[in-house]
Amino acid sequence: MQKSRAKENLGLKETRSIGKKTGAVRRRSAALPPIAGGLLLAVLFFAARLGAYAQTSPPTVTLRVDASEAPRRILHARLAVPAAPGPLTLLYPKWIPGEHGPTGPITNVVGLKMTAAGKTLTWNRDPVDMYAFNCEVPPGAKEVEVALDFLAVPSGPFSSGASTTENLADINWNTVLLYPQGWAARELNYQASLHLPAGWQFGTALPVARQEGDNIQFSPVSLETLVDSPVIAGAHFKKIPINPGNVLHEIDVVADSAVAINFPPEEVDKYKRLVAEANALFGAHHYRGYRFLLTLSDYVASFGLEHHESSDDRTGERAMLEAASRRNVAGLLAHEFVHSWNGKYRRPAGLATPDFQQPMKGGLLWVYEGLTQFLGELLPARSGLWTAQDYRESLAVIAAYLDKRPGRTWRPLADTAVAAQLLYEAPSQWSALRRGVDFYDESVLIWLEADTIIRQQSQGKHSLDDFCRRFHGGQSGPPAVIPYAFEDVVAAMNEVAPYDWRAFFNARLNSTAPGAPLGGVEGSGWKLIYNETPNEWIQAREQSSKSSDFRFSLGLQLGENGSIVDIIPGLPAAQAGVAPGMKLVAVNGRRWSPAVLRDAVKASSKSGSAPLELLVEDQEFYKTYRLDYHGGDKQPHLERDTGRPDLLEQILKPRT
């Protein structure tokens, strides 16, 4: 996920899209190679449940979804669930793969009715599990018919966010269905159909059996595959082939306007190289075809969510029309594409749950999301979607903001992964002190350092690429899930380059040292510096979000209207008493604007002992804060360390 990306390195949360075993299982798997260990985990994980169902055949549920009123933010669903007389519990999906939390938008389910054998059934919600509905199937009935409506209005993160407009819809099947308790998601079969508004076109990885006008009948698939296969549809739709070989790869794009779906031809060529570079990195793929499902709208939630054979990618309407925003789209799509290998195929055992009600354990999200974040920024650079300078500027921002993250001194990175379900929706205010889903960006630094160590230990013969091929490669084929534990990661790393990887990862995951782990930046031949030259990533983010980033000088992050989003404890704004939730009104007696504050900060290095005065509104009160700051503007960059070899250049080098 960027579900997959949650990018806090610019101060305002950007959710993505946008991607865990007991000690006994770890001990059993430690002696096995990664693939064998994963297979054993999979067998152990599902054996108990499968044994319980050996005497009966899993049912096939019929699901009909009417999206003709999607522009009104409502979807209609009808299900036919095979059932025998007696008690029946139907479940609404709660833990959605890739969202790493109990995010199923059940509060938006309305109009729920159940009937069987022509009789209306009384249902009762379970008093403990709010996602479970109990009913009694009458004698003689062979199925329960369920009617429900889903209100497609924002109610939470990711697929619970805004998903429809007048011209388009992004449909996730988990929002419009129930399933019978007692079956694993991969055992249940669903026969789904979809009715679209007149004239709309659609894209999905779900196999289509037939289409008649605005009615689409999909081939029967498991519930697991259905939930893993969202649909985008709309009045302005385009398929963009990016096949570098015989396997289908395409970008399916839907937008709120016809002009928004026009990709520059040179960008299409770069996405072809992205596919080629990803397959060269991993050496195999685990999909029959892959579709980037790209939704371009200013009125849907912006994020990315990974799937085996597609990705649900959402961003602003004009994102492909401007160079700076195209760079962000490239990072989003690359991140979710990598998840097909890392997160969907190889998956932490704590996230490989048999259904959508079992709580997920996120302790290995620093691999699931963190390694994906690293590779999701590396591949755009290798494919030409980013320049090497783009990569370095992004890396500089990550290194700088994490290096000034006081929350590191009390909350280790490991806890941000375990507490992911809490932190995704944590407020932006005081995020520097609280920490957020730092396992995304901080893991970039950790995996970069791991890459430099492998190259040094092997005298340049091996790299992290070899780990990715060994751990995520295998044989090409249809979607599969191979769970793993921490020991499997350590074992695979040692097979590439012998080293104390257990101690390496544990030290960085459990550290409460104040500074960020910059060993990879320094080991790759670069160093973090600050000067007044604008950082291109920060500049682009400020323009797109109308924010102002002064974290590295004043320790201050501002929203569009001067609202103080966050402060960095220990830096001048915090020392003067400024706090998140206040609103900046004036700078040195002049009405605030980003330019006025920037000019004042730049002039501070020449202002002698005069403080910087900020007039701030706090609820109904006004107060002037005097900041003792004279350091000028500070923007993070990477500077070449000529005393070390440039390993970063080698890391970014294309493989095709």
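Here are some worked exercises on the predicted model above. Since the model is predicted, local features need pLDDT of at least 70 and side-chain atom pairs count only at pLDDT 80 or more, while totals for chains, interfaces and linings use all residues. Residues are numbered from 1 along each chain as its sequence is written, and side-chain values use heavy atoms, with hydrogens and water left out.

**Exercise 1: helix H4**

Task: work out how long helix H4 is, which of its residues are buried and what covers them.

Solution:
- Step 1. Helices (H or I, at least four residues) and strands (E, at least two) are DSSP runs, numbered from the N terminus. H4 covers residues 265-282, 18 in total.
- Step 2. The expected span of a helix is 1.5 Å times one less than its number of residues. For H4 that gives 26 Å, and the model has 27 Å from the first C-alpha to the last, which is close.
- Step 3. Take buried as under 20% relative accessible area, exposed as over 50%, and partly exposed as in between (1.4 Å probe, protein chains only). The buried residues of H4 include Tyr-271, Leu-274, Val-275, Ala-278 and Phe-282, and charged ones such as Glu-267, Lys-270 and Glu-277 are on the list too.
- Step 4. The cover includes strands S17 (236-241), S18 (248-255) and S19 (289-296), plus helices H5 (323-338), H7 (370-383) and H13 (464-472).
- Step 5. Right after H4 comes Gly-283, with a positive phi near 80 degrees.

**Exercise 2: the nonpolar cores**

Task: find which residues touch the most other members of the largest nonpolar core.

Solution:
- Step 1. A nonpolar core is a set of buried Ala, Val, Leu, Ile, Met, Phe, Trp, Tyr and Cys residues joined through side-chain atoms within 4.5 Å.
- Step 2. The largest one has 104 residues, and the top scorers are Tyr-271, Phe-374, Phe-439, Trp-447, Phe-467, Met-493 and Phe-505.
- Step 3. Helix H8 (residues 388-403) gives the most to this core: nine residues.
- Step 4. Apart from this core lies another, of 57 residues, including Phe-133, Phe-150, Ala-185 and Val-231.
- Step 5. Now zoom in on Phe-439, where contact means heavy atoms within 4.5 Å. Skipping neighbours within four places in sequence, Phe-439 contacts Leu-365, Trp-366, Glu-369, Gly-370, Leu-413, Thr-416, Ala-417, Ala-420 and Tyr-424.

**Exercise 3: salt bridges**

Task: look at the salt bridges of Asp-465, Glu-495 and Asp-633, and say where their partners sit.

Solution:
- Step 1. The rule is a side-chain nitrogen of Lys or Arg within 4 Å of a carboxyl oxygen of Asp or Glu. That rule yields 34 salt bridges.
- Step 2. Asp-465 pairs with Arg-382 at 3.0 Å, N to O. Asp-465 is in helix H13 and Arg-382 in helix H7, so the bridge ties together parts 83 residues apart in sequence. Asp-465 counts as buried at 12% relative accessibility, and Arg-382 is buried at 3%.
- Step 3. Glu-495 pairs with Arg-470, with the closest N and O atoms 2.9 Å apart. Here helix H14 (residues 486-496) is linked to helix H13, the two residues being 25 apart. Glu-495 is partly exposed at 37%, and Arg-470 is partly exposed at 41%.
- Step 4. Asp-633 meets Arg-598 at 3.2 Å, N to O. Asp-633 sits in the loop between strands S31 (621-627) and S32 (635-640), and Arg-598 in helix H19 (residues 594-603), 35 residues apart. Both Asp-633 and Arg-598 are buried.
- Step 5. Salt bridges with shared partners join Arg-405, Arg-408, Arg-435, Asp-438 and Glu-442 into one network.

**Exercise 4: positive phi**

Task: compare the settings of Arg-73 and Phe-158.

Solution:
- Step 1. Most residues other than glycine have a negative phi.
- Step 2. Arg-73 isn't a glycine, yet has a positive phi of about 65 degrees. The loop that holds Arg-73 runs between strands S1 (60-66) and S2 (74-82), and Arg-73 is partly exposed at 33%.
- Step 3. Phe-158, also not a glycine, has a positive phi of about 55 degrees. Its loop lies between strands S8 (143-151) and S9 (168-171), and Phe-158 is buried at 2%.
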